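Hi,

Here is the structure I promised to pass on to you. Have a look at it first, and then read my notes underneath.

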Amino acid sequence: MLRIGLDVGSTTVKLIVLSEEGKALYEKYQRHFSDVRSTICDVLTEGLSPFRGSDCYFAITGSGGM
């Protein structure tokens, strides 16, 4: 089962996808320039498409993740 973390901060969006063993399979750090929603969609689309259909745990953190 993959572990996916999304951190939506005041200036950036960060995404990490970890294997069951804790190995980073994908990492992304991108400034959102106040276009939070669009940046989240872009980061998730790019980062998660290789893992489509995989079982996962998903956690969202950060000041912009509300």
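Below is what I found, going from the strands to the side-chain contacts and then to a loop.

One thing before you start: this is a predicted model, so please read everything here in that light.

**The strands around β1**

I'd begin with β1, which covers residues 2-8. Strand β1 has two partners in what follows. With β2 (residues 12-18) the pairing is antiparallel and runs over six bridges. With β4 (residues 56-61) the strands run parallel, and six bridges join them as well. The link from β1 to β2 is a hairpin of three residues.

If you want positions to click on, try Leu6, which stands opposite Leu15 in β2. On the other side, Asp7 has Thr61 of β4 as its bridge partner.

The two faces of β1 are worth a look too. In a regular strand, side chains alternate between the two faces of the sheet. In β1, the covered face is made up of Leu2, Ile4, Leu6 and Val8, while Arg3, Gly5 and Asp7 sit on the uncovered one.

**Salt bridges**

How many salt bridges are there? The count comes to two.

Asp7 turns up again here: Asp7 forms a salt bridge with Lys14, and their closest N and O atoms are 3.0 Å apart. Asp7 counts as partly exposed because its relative accessibility is 22%, just as Lys14 is partly exposed with a relative accessible area of 30%.

The other salt bridge brings together the side chains of Glu46 and Lys28, at 3.6 Å from N to O. Glu46 belongs to helix α1 and Lys28 to strand β3, so this pair ties together parts that are 18 residues apart in sequence. Here, too, both ends are partly exposed: Glu46 has 43% relative accessibility, and Lys28 has a relative accessible area of 24%.

**The cysteines**

You may wonder about disulfides; the structure holds zero of them. Why do Cys41 and Cys56 not form a bond? The sulfur of Cys41 has its closest cysteine sulfur in Cys56, and that one is 16 Å away, which is too far for a bond. A disulfide would need the two sulfur atoms within 2.5 Å. As for their surroundings, Cys41 is partly exposed, with a relative accessible area of 45%, and Cys56 is also partly exposed, at 36% relative accessibility.

**The loop between β3 and α1**

Last, have a look at the loop that sits between β3 (24-31) and α1 (36-48). Most residues other than glycine have a negative phi, so two residues in this loop caught my eye.

Phe33 is not a glycine, yet its phi is positive, at about 45°. Ser34 is in that loop too, and its phi is near 70°, again a positive value in a residue other than glycine.

Are these two buried or exposed? Phe33 counts as exposed because its relative accessibility is 67%. Ser34 counts as exposed as well, at 70% relative accessibility; the cut-off for that label is over 50%.

**Where to look**

If you have time for a quick tour, start from Asp7, with its Thr61 partner in β4 and its salt bridge to Lys14. Then go on to Glu46 and Lys28, and finish in the loop with Phe33 and Ser34.

Cheers

Notes. Residues numbered from 1 in each chain as written. Predicted model: local features only at pLDDT ≥ 70, side-chain atom pairs only at ≥ 80, totals over all residues. Heavy atoms only, no water. Helix = DSSP H or I, 4+ residues; strand = E, 2+ residues; numbered from the N terminus. Buried < 20%, exposed > 50% of the residue type's maximum accessible area, 1.4 Å probe, protein only. Pairing = 2+ DSSP bridges. Salt bridge = Lys/Arg side-chain N within 4 Å of Asp/Glu carboxyl O.
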